[in-house]
Amino acid sequence: QVQLVESGGGLVQAGGSLRLSCAASGRTFSSYVIGWFRQAPGKEREFVVGISRSGGVTYYSTSVSGRFAISRDNAKNTVSLQMNSLKPADTAVYYCAAKNQVGPETVYRRGEDYDYWGQGTQVTVSS
């Protein structure tokens, strides 16, 4: 089992940057695929980006590709999401999620594929 805690959200002007972190408990963090999702008011949750167990495989949604960068440090049990060139459309609660995975490195894009979720962190981008 793993517990996830997001941090780093806040208010930023359009064009600015934020760095989110997802800190995980447990000693088998490197066994988990990590995904970031977001949910804006009145909208469905959407996939943002995912990273495989070793970090060797990443997958970005088209809406953030080229602006966001995900990384992980398995020694520190953390995943970071660097968000640049932020837009008002990026305003949402951001969640990290984890799924224990074996076999070939992969990334999951569906929320229902993940077993553990953090409490979320609010990101607000003003125009």
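The chain of this predicted model is built from 11 strands and 0 helices. Read from the N terminus, its elements follow the order β-β-β-β-β-β-β-β-β-β-β. The radius of gyration is 14 Å, close to the 14 Å that the globule rule gives for 127 residues, so the chain is as compact as a globular protein of that length. Along the principal axes, the C-alpha atoms fill a box of roughly 45 × 25 × 25 Å.

How much of the chain is tucked away from its surroundings can be read from a few totals. Of the 127 residues, 44% count as buried. The area that the chain does expose comes to about 6,400 Å², and carbon and sulfur atoms supply 46% of that area. Contacts give another view of the fold. When the contacts considered are those between residues at least 6 apart in sequence, 61% of them join residues at least 24 apart.

Charges come next. The chain carries 13 positive and 9 negative charges, and the mean positions of these two groups are 4 Å apart. How many salt bridges does a search of the whole structure find? The search returns 7. A helpful place to begin is aspartate 90, whose side chain meets that of arginine 38 in a salt bridge, with 2.9 Å from N to O. This pair links distant parts of the chain: arginine 38 belongs to strand E4 (residues 32–39), while aspartate 90 sits in the loop between strand E8 (78–83) and strand E9 (92–100), 52 residues apart. Are these two partners buried or exposed? Arginine 38 has a relative accessible area of 5%, under the 20% cut-off, and is therefore buried. The value for aspartate 90 is 1%, so aspartate 90 is buried too.

Aspartate 90 also has a salt bridge with arginine 67, where the N to O distance is 2.7 Å. Arginine 67 lies in the loop between strand E6 (58–60) and strand E7 (68–73), and aspartate 90 in the loop between E8 and E9, so this pair ties together parts that are 23 residues apart in sequence. Both arginine 67 and aspartate 90 are buried. The picture widens once glutamate 46 is added, for Arg38, Glu46, Arg67 and Asp90 are linked in a network of salt bridges.

A further salt bridge joins the side chains of aspartate 113 and arginine 110, again described by its N to O distance, which is 2.9 Å. Here the two partners can be compared with the burial cut-offs. Aspartate 113 has a relative accessibility of 17% and counts as buried, because buried means under 20%. Arginine 110, at 48% relative accessibility, counts as partly exposed, because that class runs between 20% and 50%. Arginine 110 is located in the loop between E9 and strand E10 (116–117). Where does arginine 110 stand in relation to serine 126? The two residues are 16 apart in sequence, and their C-alpha atoms are 28 Å apart in space.

Serine 25 offers a contrasting example of distance along the chain and distance in space. This residue lies in the loop between strand E3 (18–24) and E4, and at 30% relative accessibility serine 25 counts as partly exposed. Serine 25 and glutamine 3 are 22 residues apart in sequence, yet 5.3 Å apart in space, C-alpha to C-alpha. Which residues does serine 25 touch, leaving out those up to four places away in sequence? The residues touched are Val2, Gln3 and Asn77.

Asparagine 77 leads on to the backbone. Most residues other than glycine have a negative phi. Asparagine 77, although not a glycine, has a positive phi of about 55°. Asparagine 77 is found in the loop between E7 and E8, and its relative accessibility of 15% places it among the buried residues. Serine 85 is another non-glycine residue with a positive phi, of about 50°. Serine 85 lies in the loop between E8 and E9, and with a relative accessible area of 41% serine 85 is partly exposed.

Technical notes
Residues numbered from 1 in each chain as written. Predicted model: local features only at pLDDT ≥ 70, side-chain atom pairs only at ≥ 80, totals over all residues. Heavy atoms only, no water. Helix = DSSP H or I, 4+ residues; strand = E, 2+ residues; numbered from the N terminus. Rg over C-alpha atoms; globule rule 2.2 N^0.38 Å. Buried < 20%, exposed > 50% of the residue type's maximum accessible area, 1.4 Å probe, protein only. Contact = heavy atoms within 4.5 Å. Areas by Shrake-Rupley, 256 points an atom, 1.4 Å probe, with all protein chains shown as cover. Lys, Arg positive; Asp, Glu negative; His and termini not counted. Charge placed at Lys NZ, Arg CZ, Asp CG, Glu CD. Salt bridge = Lys/Arg side-chain N within 4 Å of Asp/Glu carboxyl O.
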